[in-house]
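Q: Please examine one part of this model closely, and place that part in the context of the chain as a whole.

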Amino acid sequence: MEFGILGPVQVYDESTGRGVVPPGAKQRALLGALVVKAGQVVPVERLVDELWDEHPPANAANALQAHVARLRRLLPPPAPGGPPHEWLVTRPLGYALRPGRIDTDARRFHRMVAEGRALAGADPGLAADALRAAMALWRGPALEGGGRGAICAAEASLLEESRLVALEALYDACLRADRCDGITGELEELTTAHPLRERFYDLLMAALHRCGRRAEAIGVYDRARRRLLRDLGVEPGPILRERVEAVLDHREPGPGPWPSGRATTAFPAAATAAFPAAAAAGAAAAAGSRAGPDGEAAEPGEVGEAGEAGEAGEVGALREEVVRLNSRLEQLSRDQRELLGRLEQLSARRTALR
């Protein structure tokens with residue numbers, strides 16, 4: 001048996017080969033919250049909030065008890081010949097799900113992702129296969145149909161972020177294994193679904209570049225830049241700018257999706273003429289405080305009027321701040337991926353010790 005939360009909340013019964021989905025929204029929310037907090041006593045008050053939010057019934061404790069009773073009847077009995085086991089137990093302060101040796105698909109997902117990451121350095125092809133197998137565990141949005149109470153909503157957000165980070169690791173491994181042809185369509189869909197996530201744009205540009213589709217890679221950069229400017233008012237971060245520079249310079253990407261070579265954002269003259277939008281974006285970001293009030297580079301002594309000089313200095317300072325913020329966002333994104341990787345490793349280790 002397995003508890004499933006990577007999609008609609010369900011209990012997968014191996015004896016029948018089918019998933020049992022609680023029929024009512026309240027029971028799905030109850031099961032989802034208990035699976036998320038498996039092994040812990042969840043107080044009655046928290047479960048009431050989870051099921052009814054700010055509008056609980058007058059007899060909320062009794063109503064909750066009735067839903068618990070219905071949920072108990074849905075849970076399959078222990079395997080024949082196995083020890084007796086009560087899945088859902090009542091405690092003085094609330095209720096607890098006792099999974100015993102039963103796994104959840106979320107734990108299995110974290111374990112498989114950790115295994116795939118561990119293989120990435122030595123065998124990226126095998127790592128990509130392992131990560132695809134992990135992604136196949138998803139049946140839809142996490143805890144779908146389980147309500148939007150605090151417990152389920154918080155866990156759903158964490159699981160969704162873990163899914164996106166695992167996808168980044170998957171396409172990273174695919175690129176390292178020279179499987180660029182089969183992933184461009186998938187990455188196009190991801191950039192559409194997550195238009196502010198720069199990492200997916202970077203991976204798509206790397207894949208297109210390796211497939212010899214330079215013009216399309218530049219188009220992806222321009223699309224990302226327009227979206228970031230429209231929605232956030234910022235230019236693309238340094239990693240995405242370095243990627244487009246690698247494409248414009250005809251530099252072959254390194255073994256992974258991150259570009260190799262110099263880190264400057266200056267664009268060659270020929271590339272500037274061929275791709276003015278992308279070149280202007282990189283030049284503006286690189287120019288920083290050298291930009292004048294009209295957005296053009298200002299040579300020393302060019303601005304004679306005190307007012308114009310002050311305005312140019314203000315514009316330059318603002319652009320420098322945008323560049324610093326972009327760098328900070330990139331660093332935070334890397335830190336987040338590292339922390340999620342450590343979380344997956346700890347989850348896999350904890351599961352192995354059970």
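**Helix α8 and the charged pairs of the chain**

A: The part chosen is helix α8, which spans residues 198-210 and contains M205. The model is a predicted one, and every value below is computed from its atoms.

M205 has a relative accessible area of 0%. Because the cut-off for a buried residue is under 20% relative accessible area, M205 counts as buried. Leaving aside residues up to four places away in sequence, M205 touches A217, V220, Y221, L240, R243 and V244. One of these contacts can be described by its backbone distance: the C-alpha atoms of M205 and V244 are separated by 7.8 Å, although the two residues are 39 positions apart along the chain.

R243, listed among the contacts of M205, leads to the charged side chains. In helix α6, D172 and R176 are placed four residues apart, about one turn of the helix. Their side chains form a salt bridge, with an N to O distance of 2.7 Å. The two partners differ in exposure: D172 is buried at a relative accessible area of 11%, whereas R176 is partly exposed at 35%. Through shared partners, salt bridges join D172, R176, R199, D202 and R243 into one network. R243 thus appears in two descriptions, as a contact of M205 and as a member of this network.

As a general matter, side chains of opposite charge can pair when their charged atoms come close. Under the rule applied here, the count of salt bridges comes to 18. Two further examples involve helix α4.

The first example is the pair E2 and R108, whose closest N and O atoms are 2.9 Å apart. E2 belongs to strand β1 (residues 2-4) and R108 to helix α4 (residues 105-119), so this salt bridge ties together parts that are 106 residues apart in sequence. E2 counts as buried, at 14% relative accessibility, while R108 is partly exposed, with a relative accessible area of 28%.

The second example is the salt bridge between R139 and D105, in which the closest N and O atoms are 3.4 Å apart. R139 is located in the loop between α5 (124-135) and α6 (150-176), and D105 is in helix α4, so the pair ties together parts that are 34 residues apart in sequence. R139 is partly exposed, with a relative accessible area of 35%; D105 is buried, at 3%.

A contrasting arrangement of charge is found at the surface, where E45, D49, D53 and E54 form a negative patch. Within this patch, D53 occupies the loop between α2 (44-52) and α3 (60-74). With a relative accessible area of 54%, D53 is exposed.

The chain as a whole supplies the setting for these details. It has 13 helices and seven strands. Of its 354 residues, 46% count as buried, and M205 is one of the buried residues. Among contacts between residues at least 6 apart in sequence, 62% join residues at least 24 apart. The accessible surface of the chain comes to about 17600 Å², and carbon and sulfur atoms account for 54% of that area.

Notes
Residues numbered from 1 in each chain as written. Predicted model: local features only at pLDDT ≥ 70, side-chain atom pairs only at ≥ 80, totals over all residues. Heavy atoms only, no water. Patch = residues over 30% accessible without salt bridge, like charges linked within 9 Å, V, L, I, M, F, W, Y side chains within 5 Å. Areas by Shrake-Rupley, 256 points an atom, 1.4 Å probe, with all protein chains shown as cover. Salt bridge = Lys/Arg side-chain N within 4 Å of Asp/Glu carboxyl O. Lys, Arg positive; Asp, Glu negative; His and termini not counted. Charge placed at Lys NZ, Arg CZ, Asp CG, Glu CD. Helix = DSSP H or I, 4+ residues; strand = E, 2+ residues; numbered from the N terminus. Buried < 20%, exposed > 50% of the residue type's maximum accessible area, 1.4 Å probe, protein only. Contact = heavy atoms within 4.5 Å.
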